[in-house]
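Me: I have a fold open and want to go through its geometry bit by bit. Short questions, short answers, please.

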Amino acid sequence: MIKSKSKRASAAIEHPSGDPRFKLVDRTLKRFQYQQDALIEVLHTAQEVFGFLEDDLLIYVARQLKLPLSWVYGVATFYHFFSLKPQGEHTCTVCMGTACYVKQAAEIVAMLQAEFGVEPGQTTPDGKLSVATARCLGSCGLAPVLVIDNDVLGRETPVSTLETLRARLAGINGHKKAPALETVEDMEEEIL
Ligand code: FES
């Protein structure tokens with residue numbers, strides 16, 4: 001049974017991979033003070049950031065909330081809006097929270113629709129690109145924020161997004177605008 005409203009921030013452990021996307025999941029965990037009854041909210045953020053709920057991610061969430069993995073897995077499979085399988089070969093999630101919205105996030109989504117013919121929640125017919133939107137990812141100072149594959153990118157524009165995606169689809173793994181920024185914290189320090 002889920003325990004109610006216990007505070008677990010002191011027990012938090014960072015994901016050992018250093019993958020910056022986990023920082024965004026951590027922010028939601030912190031926002032809800034590691035309460036076990038925030039599981040669905042945390043899974044929503046995890047899926048928005050990663051595109052789907054892979055096993056490693058479910059294990060991480062279970063550990064952070066100190067819940068049995070079977071419980072987390074059960075919740076993730078019960079609700080139809082969670083996906084345990086990858087969608088397209090590449091993923092692009094656009095934050096549509098208020099700060100990002102007023103800084104061209106909607107224009108980025110419109111560009112994706114125009115260039116690739118996909119709306120949020122869809123994958124291109126060739127299975128190459130999935131597009132999604134997210135609520136605030138907790139890095140509003142970097143608005144607009146995108147997650148392309150396993151990279152968290154800030155201060156994007158429709159043009160820079162298109163450049164990055166064309167490169168990814170061509171098999172080039174790079175981001176010209178901020179190649180040295182590896183974590184959300186690094187990115188935020190850059191603009192302070
Ligand atoms: S609104 Fe996009 S990160 Fe907060």
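Me: Which hand does the crossing have where α3 passes α4, left or right?
Reply: Helices here are DSSP runs of H or I with at least four residues, strands are E runs of at least two, and both are numbered from the N terminus. A crossing is left-handed if the near helix is turned anticlockwise from the far one by less than a right angle, and right-handed if clockwise. The way α3 passes α4 is right-handed.

Me: Hang on, what kind of model is this?
Reply: On numbering, residues count from 1 along each chain as its sequence is written. Local features need pLDDT of at least 70, side-chain atom pairs count only at pLDDT 80 or more, totals for chains, interfaces and linings use all residues, and the model itself is predicted.

Me: Back to that pair: how are α3 and α4 oriented to each other?
Reply: The axes (lines fitted to C-alpha atoms, for helices over the stretch in contact, with angles from 0 to 180 degrees between N-to-C directions) of α3 (residues 55-65) and α4 (residues 69-78) come within 9 Å and cross at roughly 125°. Leu58, Ile59, Val61 and Ala62 of α3 make the contact with Leu69, Val72, Tyr73 and Ala76 of α4. Under 35 degrees counts as roughly parallel, over 145 as roughly antiparallel, 65 to 115 as roughly perpendicular and the rest as oblique. So the two helices, α3 and α4, are oblique.

Me: And how does α1 lie to α2?
Reply: The axes of α1 (residues 21-31) and α2 (residues 39-50) come within 9 Å, crossing at roughly 160°. That makes the pair α1 and α2 roughly antiparallel.

Me: Which residues of α2 make the contact with α1?
Reply: Contact means that two C-beta atoms, placed from the backbone, lie within 7 Å. The α1 side is Arg21, Leu24, Val25, Thr28 and Leu29, and the α2 side is Glu41, Val42, Thr45, Ala46, Val49 and Phe50.

Me: Phe50 is in that list; is this residue buried or exposed?
Reply: Phe50 sits in helix α2 and, apart from residues up to four places away in sequence, touches Arg21 and Leu57. The cut-offs are 20 or more other C-beta atoms within 10 Å for buried, 12 or fewer for exposed and anything in between for partly exposed, with C-beta atoms placed from the backbone. Phe50 has 22 such neighbours, so the class is buried.

Me: Which residues touch the most other members of the largest nonpolar core?
Reply: A nonpolar core is a set of buried Ala, Val, Leu, Ile, Met, Phe, Trp, Tyr and Cys residues joined through C-beta atoms within 7 Å. There are 44 residues in the largest one, and those touching the most other members are Ala46, Val61, Cys92, Val94, Cys95 and Val145.

Me: Which helix gives this core its largest share, and where does the core lie?
Reply: The largest share, 6 residues, comes from helix α5 (residues 98-116). Domain bounds come from an automatic or database domain assignment. Both domain 1 (9-78) and domain 2 (90-191) supply residues, so the core lies between them. The helix asked for is α5.

Me: What does Cys95 contact, leaving aside its neighbours within four places in sequence?
Reply: Cys95 is among the residues that touch the most other core members. Its contacts are Cys100, Ala105, Ala134, Cys136, Leu137, Pro144 and Val145.

Me: Pro144 shows up there; what is omega at the bond joining Ala143 and Pro144?
Reply: Pro144 is in the loop between β3 (129-134) and β4 (146-148). Most peptide bonds are trans. The one between Ala143 and Pro144 is cis, with omega about -5°.

Me: What about Lys66, what is its phi?
Reply: Most residues other than glycine have a negative phi. Lys66 is in the loop between α3 and α4 and is exposed, with 12 other C-beta atoms within 10 Å. Its phi is positive, near 55°.

Me: Where is Arg155?
Reply: Arg155 also has a positive phi, near 55°. With 18 other C-beta atoms within 10 Å, Arg155 is partly exposed. Its place is the loop between β5 (151-153) and α6 (158-169).
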